[in-house]
Amino acid sequence: MSVNDAANIAHVLTEALPYIKRYRGKTIVIKYGGNAMVDETLKSGFARDVVLMKLVGINPVVVHGGGPQIGRHLEKLGKPSRFVEGLRVTDSETMDVVEMVLGGLVNKEIVNLINRQGGSAVGLSGKDGDLIRARKLTLRPGSGQALTRNTPETDAPEIIDIGHVGEVASIDASVINMLVSGDFIPVIAPVGVGEDGQSYNINADLVAGKIAETLHAEKLMLLTNTAGVLDKQGKLLERLNARQANTLIEDGTIYGGMLPKVRCALDAVQGGVAAAHIVDGRVPHAVLLELLTDQGVGTLIVG
């Protein structure tokens, strides 16, 4: 190693030190998905990042998706994937595949990745320890908005039943707190159970946001396949407050797949999370770069 290389390493460590001190003992909820969950180099880097966070006294809680993996397994079974307003139509047979893929294959792969890097991860489904209580989610045609049990009937003359798709009704964080206090890293699959005993597939961003609120997390980090929130010229917006973000939603700057992520981030910071980050998961070690450096690799959203 050259003197210059050593000096660069020393600079990185000294830059990270105040952030480590600031976040020591704090909880960081990370939604893990996108390219970071597919590319082998990025997968290993993510696992090392999470282990390092735990070793320096920060408490990571990982919530993961798995849409592409679910789609591939359904294809093998000869069952086409259907989506309405971006949500997977989930009948009973599809729900069985969702539980198998998310709670089994994907969850255990992430746990194994973290443990191979020297961490102590424990995999959970939202059904474990009554962690995620769900309620059925239905849609109004063409609205792009979910209807819940609180939506007035007069405002919902026609709804679409998309099966076992749910939203978070409540979070019981006792099992997460037990694992965190025991120096474990929880890895959570976004499957919940309703009062009727049915299993429900829930958007992983929404689960991560609600868990962050319940845990009074310092930060919520949503890994994506984009640089972050972009302006109309395609330039990265490195920091937004709630007012600015809502203005960008209203004028159409934030749209499409970024819209639910920003709304999830806004809900989290309005629910007591100190800050939310929409992070470019295509960048190696994106989590550490956003958390422990001055520059960051995404968009920071604050209240």
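Hi everyone, let me start with one residue: Asp130 is partly exposed, with a relative accessible area of 32%. Before I go on, please keep in mind that this is a predicted model. Asp130 sits in the loop between S5 and S6. Its backbone is what caught my eye: phi of Asp130 is near 55°, which is a positive value in a residue other than glycine. As a reminder, most residues other than glycine have a negative phi.

Now take one step along the chain, to Leu131. This residue is in the loop between strand S5, residues 121–125, and strand S6, residues 132–139. Is Leu131 buried or exposed? With a relative accessibility of 0%, Leu131 counts as buried. So what does Leu131 touch, if we set aside residues up to four places away in sequence? The list runs to Leu124, Ser125, Gly126, Ser170, Ile171, Asp172, Ala173, Val175, Ile176 and Ile188. Ile171 deserves a closer look: Leu131 and Ile171 are 40 residues apart in sequence, yet their C-alpha atoms are 5.6 Å apart in space.

There is another residue with a positive phi to show you, His216. Its phi is also near 55°, and again this is a residue other than glycine. You will find His216 in the loop between helix H6, residues 204–214, and strand S12, residues 219–224. Buried or exposed, then? His216 is exposed, with a relative accessible area of 65%.

Let me zoom out for a moment. The chain's secondary structure comes to 9 helices and 15 strands. The C-alpha trace spans about 70 × 40 × 35 Å along its principal axes. For 303 residues, a compact globule would have a radius of gyration near 19 Å, and the chain has 19 Å, so the two agree. Of the 303 residues in the chain, 50% are buried. And if you look at contacts with a separation of 6 or more, 73% of them are between residues 24 or more positions apart.

Back to the details, and to a pair of helices. Helix H2, residues 40–55, packs against helix H4, residues 92–116, at an angle of about 65°, and their axes are 8 Å apart. The crossing of H2 past H4 is right-handed. Which residues make this contact? From H2 we have Lys43, Ala47, Val50 and Val51, and from H4 we have Glu109, Leu113 and Ile114. Sorted by type, the residues of this contact are 5 nonpolar, no polar and 2 charged.

While we are on H4, two more of its residues are worth a visit. Thr94 has its place in helix H4. At 3% relative accessibility, Thr94 counts as buried. Apart from neighbours within four places in sequence, Thr94 is in contact with Leu74, Lys79, Arg88 and Val89. Val97 is in helix H4 as well. Val97 also counts as buried, at 6% relative accessibility. Again leaving out neighbours within four places, Val97 is in contact with Ile70, His73, Leu74 and Leu77. Take Leu74 from that list: the C-alpha atoms of Val97 and Leu74 are separated by 7.2 Å, with their positions 23 residues apart along the chain.

Helix H2 also takes us to the aromatics. How many aromatic pairs does a search of the whole structure find? The search finds 1. The partners are Tyr32 and Phe46, and the pair is stacked, at 3.9 Å centre to centre with 5° between the planes. Tyr32 lies in strand S1, residues 27–32, and Phe46 in helix H2, so the pair ties together parts that are 14 residues apart in sequence. Tyr32 is buried, with a relative accessible area of 1%, and Phe46 counts as buried too, at 5%.

My last stop is Val297. This residue is in the loop between helix H9, residues 286–292, and strand S15, residues 298–302. Val297 is buried, with a relative accessible area of 16%, as the cut-off for buried is under 20%. Not counting residues up to four places away in sequence, Val297 touches Ala227, Val279, Asp280, Val283, Ala286, Leu289 and Glu290. As for Pro60, 237 residues away along the chain, its C-alpha atom and that of Val297 are separated by 18 Å.

That's my tour, and thanks for listening!

Methods: Residues are numbered from 1 along each chain as its sequence is written. This is a predicted model: local features need pLDDT of at least 70, side-chain atom pairs count only at pLDDT 80 or more; totals for chains, interfaces and linings use all residues. Side-chain values use heavy atoms; hydrogens and water are left out. Axes are lines fitted to C-alpha atoms, for helices over the stretch in contact, and angles run from 0 to 180 degrees between N-to-C directions. Helices (H or I, at least four residues) and strands (E, at least two) are DSSP runs, numbered from the N terminus. A crossing is left-handed if the near helix is turned anticlockwise from the far one by less than a right angle, and right-handed if clockwise. Contact means heavy atoms within 4.5 Å. Ala, Val, Leu, Ile, Met, Phe, Trp, Tyr, Cys and Pro count as nonpolar, Asp, Glu, Lys and Arg as charged, and the others, Gly among them, as polar. Rings of Phe, Tyr and Trp (its six-membered ring) pair if their centres lie within 6.5 Å; planes under 30 degrees apart count as stacked, over 60 as edge-to-face and the rest as tilted. Buried means under 20% relative accessible area, exposed over 50%, partly exposed in between (1.4 Å probe, protein chains only). The radius of gyration is taken over C-alpha atoms; the globule rule is 2.2 Å times the number of residues to the power 0.38.
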